[in-house]
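User: Please take a close look at the surroundings of the ligand, and walk me through whatever packs behind them.

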Amino acid sequence: MREESPNCNGLVGVGRSICEHPASTTPVHQSVHIPYGFWVLVVLAAVIMVLTALSPLLRRRAPRVWWTLCGYPAAAVRIRWTWRRLTDVQYLSVSKRPALGIVGDMVVRGRALKQIPPRMGLPRWRRGGLLVRVRLHSGQTPEQYQLAAEAMSHAWRMYSVRVTSDARGFVEIRAAAWDPLATPSVPRSLVVELLSAVVGQWEDSTEWTVNLRRVPHWLIVGATRSGKSTLLASLVSAWARQRVALVGIDLKGGMELSLFQARLTALATTRAGAADLLSTLVTMANDRMELCRSVGARSIWELPDKLRPMPVIVLVDELAELYLMATTAEKAEVAQVSTALLRLAQLGAALGLHLVVSGQRVGSDMGVGVTALRAQLGGRVCHRVNDVGTAEMALGDLDKDALAVAQQITAEQQGVAVAFGDDGGWMRARSILTTPEQARRIAERYAHLAPSMGQLGTYQRQAGGTP
Ligand SMILES: Nc1ncnc2c1ncn2[C@@H]1O[C@H](COP(=O)(O)OP(=O)(O)OP(=O)(O)O)[C@@H](O)[C@H]1O
Ligand SMILES: [Mg+2]
């Protein structure tokens, strides 16, 4: 029988000899080797536990940090995990087997059990969201994926999912973790090229820029208190710093645009005043045309610097007021205004004359001129609207999907709009909240940049506009 030595804790055999020589006890500890991978797993588990515990707090306090550390990894795993089932349910998977089969002497149509999901790339991190690229199966179109966008946002617990296609055979799925327009960030740099204005943020968190060189005329619509004047204030705040002339037409008694009066070269607050101002601008357009023709230029931008006239931006707040008529006498005035606006819209782009027109309600019933004018106003911004007709007027001729999204904007989402970008695509966006006081201060600070402009000066004296 083997004997156990005292203080050997039951070690026998080889262990006994070790135990007998205290100096040689070290090898016992070395033999308990814990693999390196184990420690990695322990640390990983600890990190996951800490992040899971902190996740709700992080989400509330620092959503961007939360998204990077917790939200994005979880969403990426969820997307990979649910992809097969999701594409199967949404009929985006296909089978190699034909849909037709023979049972006895009959041909039957069915769906093969084994479906192959479309091949998906790795979900890539984006600020407040993610992007994943998917290769289409032969015979599929991006529209099929767009129809499944709602299902994707539910399956992945994302705020919204948008599907676009920028290369043949592929779609890009962009998912947003939360509504970026709920708390838009003010763009860092407001300094841009001439006639451009950074006015807010797009839904994909990029800067929303209105560039009159690319899209010369804009139509902004929205119900009362939806954010039209705030957007105009953001535009004016940006253009006030540039070497451009700003002209206002505000038939709400000048309540909105008079805030920027210090920076405006002219402001018309009555329809008679507006008619005179617009006819002066049409004369200005004719003069500029003459100038361009005399030097063989097709636009003022082809003129030598010293000859180039200053661009003029005409801001109209409440278009409907210009078209409203009660008496026959007013009819002639409305016709004059309507024709002048249309002429400016048609000729202005090349001549540095730009229109930014806003209105609560814009409909074809306001007059023939309105639909013709709308066709010339390529830039469109549609805030929350009360009537479908106005949204249709602003977006319906361009994109029916944009129209549907615009109708979902709620009264609480002031400043949120569906807008068209320079590339012709649309997205939701939110303007920078520019308060009337801020706009007034900016207009006063840059008042010295307001050009007097001979022709408009004449208007001011003759038509009684406010200089
Ligand atoms: N981008 C925005 N972010 C946050 N709040 C906004 C934004 N735009 C507008 N608002 C809020 O909505 C209010 C109404 O906006 P605004 O005066 O621009 O509306 P409007 O469409 O011009 O209305 P009206 O047709 O009556 O003139 C503002 O006082 C402001 O509180
Ligand atoms: Mg307003």
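Analyst: Happy to! A residue counts as near a molecule if its C-beta atom, placed from the backbone, lies within 6 Å of it. This is a predicted model, in which local features need pLDDT of at least 70, side-chain atom pairs count only at pLDDT 80 or more, and totals for chains, interfaces and linings use all residues. Residues are numbered from 1 along each chain as its sequence is written, while chains are lettered from A and ligands numbered from 1 in the order in which they are written.

Around ligand 1 there are 14 residues, and the closest are Gly227, Ser229, Thr230, Gln414 and Gly415. Two elements each give two or more residues to this shell: H7 and strand E16 (426-431). H7 makes the largest contribution, with three residues. (Helices, H or I of at least four residues, and strands, E of at least two, are DSSP runs numbered from the N terminus.) In character, the shell around ligand 1 has ten polar residues, three charged and one nonpolar; Gly counts as polar here.

Now follow H7 (228-239) away from the ligand: the buried residues of H14 pack against this helix, with contact meaning C-beta atoms within 7 Å. In H14 (residues 436-445), those buried residues are Ala439, Ile442 and Ala443 (buried: 20 or more other C-beta atoms within 10 Å of the residue's own). Because they cover an arc of only 100 degrees around the axis, they sit on the same side of H14. An α-helix has 3.6 residues a turn, so residues three or four places apart point the same way. H7 thus appears twice in this picture: in the shell around ligand 1, and as the packing partner of H14's buried residues.

How values were computed
Buried ≥ 20, exposed ≤ 12 C-beta atoms within 10 Å, placed from the backbone. Arc of directions from axis to C-beta. Contact = placed C-beta atoms within 7 Å.
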